[in-house]
Amino acid sequence: MIKQTQKKLIPVIKSNLGGWLLMLPGLILFSFYLWYPLLTTAFNSFFVIEGVKRGAFSGFKNYIEVFKTPIFKDAFFNTLEYTFWSLIIGFLVPIIMALILSEVIHFKGFFRLSLYFPSIVPGIAAVLLWKFLYNPSSGGVLNSILALFNLKPSLWLDDPNIAIPLVVLTMTWRGAGATMLIYLAALQSLDSAYYEVARLDGANAFKRIIHITLPHLSSTIKMLLVLQIISVFQVFYEPWVMTSSTNKSTISLMLLNYNFYFIEMNGQGKSSALAVMIAAFLVLFTFIYNKLSNKDGRKPIREKSK
């Protein structure tokens, strides 16, 4: 049995040896920079970590302590709120921008560059810019505009009821242009003959969007929906810079993870446990999405990328 397997494998290895050698440096770097830290973090989550040293085996103690942390509940629901507002504000904006831009005939390159420009701005610079705009003092930019219309000044980021939507608005401003280009590329692959036939049948612009454009974009929309949820679930530096890492109204799970590792004494074990929990949640979410896609007769994400 073993000899037969070797006889089958050896020709396969020989025929693909060049390809394997070409992939080897990438596989080594990928394993070193991604899989090694990932597995080490998962391993450390079951131990007491003192500084950089791994101590005694603690089982699920780190996980239990994470759940017992008073601010964990706030961080979890805030993260869900970030995700909710990102779908309300940030998910539809790039689609609308792409639909409008696809209909533009003149100066399309100018508008495309203008809308993409915020994505070129470094993330920290964009966050500091919007933090300046959200200045809650009477001399702040946005409050000065409100004063022109005899409106009361707002606390902006200091108001816990609107702090998260404002952070999401900042993220949308910076990221919508890049996402718009993906939708725009998908729209350009659509055969214009469909629109011409629809026009001959008397379909107006709204019906063309509903019956031609959106079905064509559906696979792109579903893929970017999952990627956006995964990305927003890991929101970190935006609320950190715009508010603080300990602000109860804006703290996210990743910020709580930062606090465990860098602020709390000997909290590295809890940080590892929380990182594993976030990763497990996102893997579970992607798995459920793939299952639902299969059940609905659609191809899963991994097959769409092939």
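Select N259 first, in helix 13 (residues 253-263), where helices (H or I, at least four residues) and strands (E, at least two) are DSSP runs numbered from the N terminus. Not counting residues up to four places away in sequence, N259 touches S245, T246, I251 and E264, a contact being heavy atoms within 4.5 Å. N259 is buried, with a relative accessible area of 10%; buried means under 20% relative accessible area, exposed over 50%, and partly exposed in between, with a 1.4 Å probe and protein chains only.

Before you go on, keep in mind that this is a predicted model, in which local features need pLDDT of at least 70 and side-chain atom pairs count only at pLDDT 80 or more, while totals for chains, interfaces and linings use all residues. Residues are numbered from 1 along each chain as its sequence is written, and side-chain values use heavy atoms, with hydrogens and water left out.

**Aromatic rings**

Now colour the rings of Phe, Tyr and Trp (for Trp, its six-membered ring), which pair if their centres lie within 6.5 Å; planes under 30 degrees apart count as stacked, over 60 as edge-to-face and the rest as tilted. By this rule there are 22 aromatic pairs. In one of them, F32 and Y36, the ring centres are 6.4 Å apart and the planes stand at 5°, so the pair is stacked. F32 and Y36 are 4 residues apart in helix 2 (residues 17-44), which separates them by about one helical turn. An α-helix has 3.6 residues a turn, so residues three or four places apart point the same way. F32 is partly exposed at 48% relative accessibility, whereas Y36 is exposed, with a relative accessible area of 55%.

Move next to F236 and W240, whose ring centres lie 5.4 Å apart with their planes at 35°, so this pair is tilted. F236 is partly exposed, with a relative accessible area of 25%, and W240 is also partly exposed, at 33%. If you add Y258, Y261 and F262 to the selection, you will have a cluster in which ring pairs link these residues with F236 and W240.

**The hairpin and its surroundings**

Select strand 1 (residues 47-50) and strand 2 (residues 53-57), which pair in the antiparallel sense over 3 bridges; two strands pair if DSSP finds at least two bridges between them. They form a hairpin with 2 residues between the strands, and G51 in the turn has a positive phi of about 70°. E50 stands opposite K53 in strand 2. Which residues of strand 1 point to the buried face? F47 and I49 point to one face and are buried, while V48 and E50 point to the other and are not.

With F47 still selected, add R54, which lies over the face of F47 at 5.8 Å from the ring centre; a charge sits over a ring if NZ of Lys or CZ of Arg is within 6 Å of the ring centre and within 35 degrees of the ring normal. Then add N44, in helix 2, which is buried at 15% relative accessibility. Leaving aside its neighbours within four places in sequence, N44 is in contact with I49, R54, N62 and S272.

**Helix 7 and the core**

Go on to helix 7 (residues 123-133), whose buried residues are G123, A126, V127, W130 and L133. Looking down the axis of helix 7, you will find that these buried residues fall within an arc of 120°, so they line one face of the helix; the arc is that of the directions from the helix axis to the C-beta atoms. What covers them includes helix 8 (141-148), helix 9 (163-188) and helix 12 (237-242).

A nonpolar core is a set of buried Ala, Val, Leu, Ile, Met, Phe, Trp, Tyr and Cys residues joined through side-chain atoms within 4.5 Å. The largest has 17 residues, and those with the most contacts inside it are Y82, Y134, L157 and M242. Helix 4 (72-90), helix 7, helix 9 and helix 12 each supply at least two residues of this core, with the largest share, 4 residues, coming from helix 9. Centre the view on Y82 to see some of the residues that it touches, among them I164, V167, V168 and P239.

**Two loop residues**

Finish with F107, in the loop between helix 5 (92-103) and helix 6 (108-120), and with W156, in the loop between helix 8 and helix 9. F107 has a positive phi of about 60° although it is not a glycine, and phi of W156 is near 50°, also a positive value in a residue other than glycine. Is each of these residues buried or exposed? F107 is exposed at 63% relative accessibility, whereas W156 is buried, with a relative accessible area of 14%.
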